[in-house]
Amino acid sequence: MPNTDLKNAPARKRIKKIIQFLAKEYEPVCGLRYKNPFELLITTILSAQCTDERVNKVTPALFERFPDAKAFTTALQEEVEDLIRSTGFFRQKTKSIIAVSHVLTEQYGGEVPQDMVALTKMPGIGRKTANVVLGTAFGFPAITVDTHVKRLATRLRLTDKSDPDKIEQDLIALIPAKERTDFSHRLIWHGRKVCAAKKPKCGECILAEVCPSNGSILKKIIE
Ligand code: SF4
């Protein structure tokens, strides 16, 4: 029987169940393919406004031609653009990749720094990208607020903010450090597979009994 009390309870009461239900359903894995922290950083830049599947199609050829940061520092803008064109926003992404590669080569010996401040100082790197790398490549507790996490955190009423950095802080306050990175991956999978932006499948959702938006979204769509 659905626990309606829990559905309407404050976020702090519901979060344990949300973490548990997601953990039963999804592996905490990143959809991007990468072999090392540098590749994850570049694939995450490429994933802006693009699906992981599409990014995964272009990266084998990209990393064969440019295997590390140093290699990208010698790249011609046009050559990188051609290799990543299908991911969209390819001119800006190319500029970011080459600029980040220069910083990594000149300041960090070609290695990706394991540090939020250092990462977010780099051209085109925001907290979202930095959190993906810190959490997934280096194992730090990290909440990644991408479009799925933003939408689901709102529907699950885990936040009342719209700014991703503030949503991140709200989720950090609710979720134990050891769960944060896995929680982000699982919530992203749930957003992709069940709680889509336009037609959330509330009727088959494992979070239905703890989601205050269950039904109300459907009602809005019908209205
Ligand atoms: S019940 Fe509906 S709105 Fe809530 S998480 Fe599930 S699919 Fe999304």
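**Group meeting: helix packing and a few single residues**

Let's start with Glu25, which is found in helix 2. Keep in mind that this is a predicted model. Is Glu25 buried, exposed or partly exposed? Glu25 has 15 other C-beta atoms within 10 Å, so it is partly exposed. Burial here takes 20 or more such neighbours, and exposure takes 12 or fewer. A count of 15 therefore falls in between.

Now look from Glu25 to Ala61. They are 36 residues apart along the chain. Their C-alpha atoms are separated by 33 Å.

Helix 2 comes back in the next part, so on to helix 12.

Helix 12 covers residues 180-193, which makes 14 residues. Does the length add up, and what should the span be? At 1.5 Å a residue, the expected span is 20 Å. The rule multiplies 1.5 Å by one less than the number of residues. The end C-alpha atoms are 20 Å apart, so expectation and model agree.

How many residues of helix 12 are buried? The count is 10 of 14, so mostly covered is a fair label for this helix. Here is the list. Arg180, Thr181 and Phe183 are buried. Ser184, His185, Arg186, Leu187 and Ile188 are buried as well. His190 and Gly191 complete the set.

What covers them? The cover includes helix 2, residues 11-25. It also includes helix 9, residues 127-137, and helix 10, residues 147-155.

Take helix 10 in more detail. The axes of helix 10 and helix 12 come within 8 Å. They cross at roughly 85°. Angles from 65 to 115 degrees count as roughly perpendicular. Helix 10 and helix 12 are therefore roughly perpendicular to each other. From helix 10, the contact uses His148, Val149, Arg151 and Leu152. Across from them, in helix 12, sit Ser184, Leu187, Ile188, His190, Gly191 and Arg192. By class, this contact holds 4 nonpolar, 4 polar and 2 charged residues.

Next, helix 3, with two partners to show.

The first partner on my list is helix 9. The axes of helix 3 and helix 9 come within 9 Å and cross at roughly 145°. The crossing is right-handed. Helix 3 brings Pro37, Leu40, Leu41, Thr44 and Ile45 to the contact. Helix 9 brings Thr129, Val132, Val133, Thr136 and Ala137. The class split is 7 nonpolar, 3 polar and no charged.

The other partner is helix 7, residues 90-108. Helix 3 itself runs over residues 37-46. Their axes come within 10 Å and cross at roughly 160°. Angles over 145 degrees count as roughly antiparallel. Helix 3 and helix 7 are therefore roughly antiparallel to each other. Helix 3 passes helix 7 in a right-handed crossing. Ile42, Ile45 and Leu46 of helix 3 meet Lys93, Ser96 and Ile97 of helix 7. Those residues divide into 4 nonpolar, 1 polar and 1 charged.

Stay in helix 3 for one residue, Leu41. Leu41 has 25 other C-beta atoms within 10 Å, so it is buried. Leaving aside residues up to four places away in sequence, Leu41 touches Val112 and Val133. Compare its position with His185. The two are 144 residues apart along the chain. Their C-alpha atoms are separated by 16 Å.

Now, backbone angles. Most residues other than glycine have a negative phi. Two residues go the other way here.

Gln49 has a positive phi of about 55°, and it is not a glycine. Gln49 sits in the loop between helix 3 and helix 4, the latter being residues 52-65. It has 10 C-beta neighbours inside 10 Å, so Gln49 counts as exposed.

Phe89 has a positive phi of about 45°, again without being a glycine. Phe89 lies in the loop between helix 6, residues 77-84, and helix 7. With 14 C-beta neighbours inside 10 Å, Phe89 counts as partly exposed.

One last residue, on the helix 6 side. Asp82 is found in helix 6. It has 12 C-beta neighbours inside 10 Å, so Asp82 counts as exposed. The cut-off for exposed is 12 or fewer, so 12 still qualifies. Asp82 and Thr94 are 12 residues apart in sequence. C-alpha to C-alpha, they are 9.6 Å apart in space.

That's it from me.

Technical notes. Residues are numbered from 1 along each chain as its sequence is written. This is a predicted model: local features need pLDDT of at least 70, side-chain atom pairs count only at pLDDT 80 or more; totals for chains, interfaces and linings use all residues. Helices (H or I, at least four residues) and strands (E, at least two) are DSSP runs, numbered from the N terminus. Two residues are in contact if their C-beta atoms, placed from the backbone, lie within 7 Å. Axes are lines fitted to C-alpha atoms, for helices over the stretch in contact, and angles run from 0 to 180 degrees between N-to-C directions. Angles under 35 degrees count as roughly parallel, over 145 as roughly antiparallel, 65 to 115 as roughly perpendicular and the rest as oblique. A crossing is left-handed if the near helix is turned anticlockwise from the far one by less than a right angle, and right-handed if clockwise. Ala, Val, Leu, Ile, Met, Phe, Trp, Tyr, Cys and Pro count as nonpolar, Asp, Glu, Lys and Arg as charged, and the others, Gly among them, as polar.
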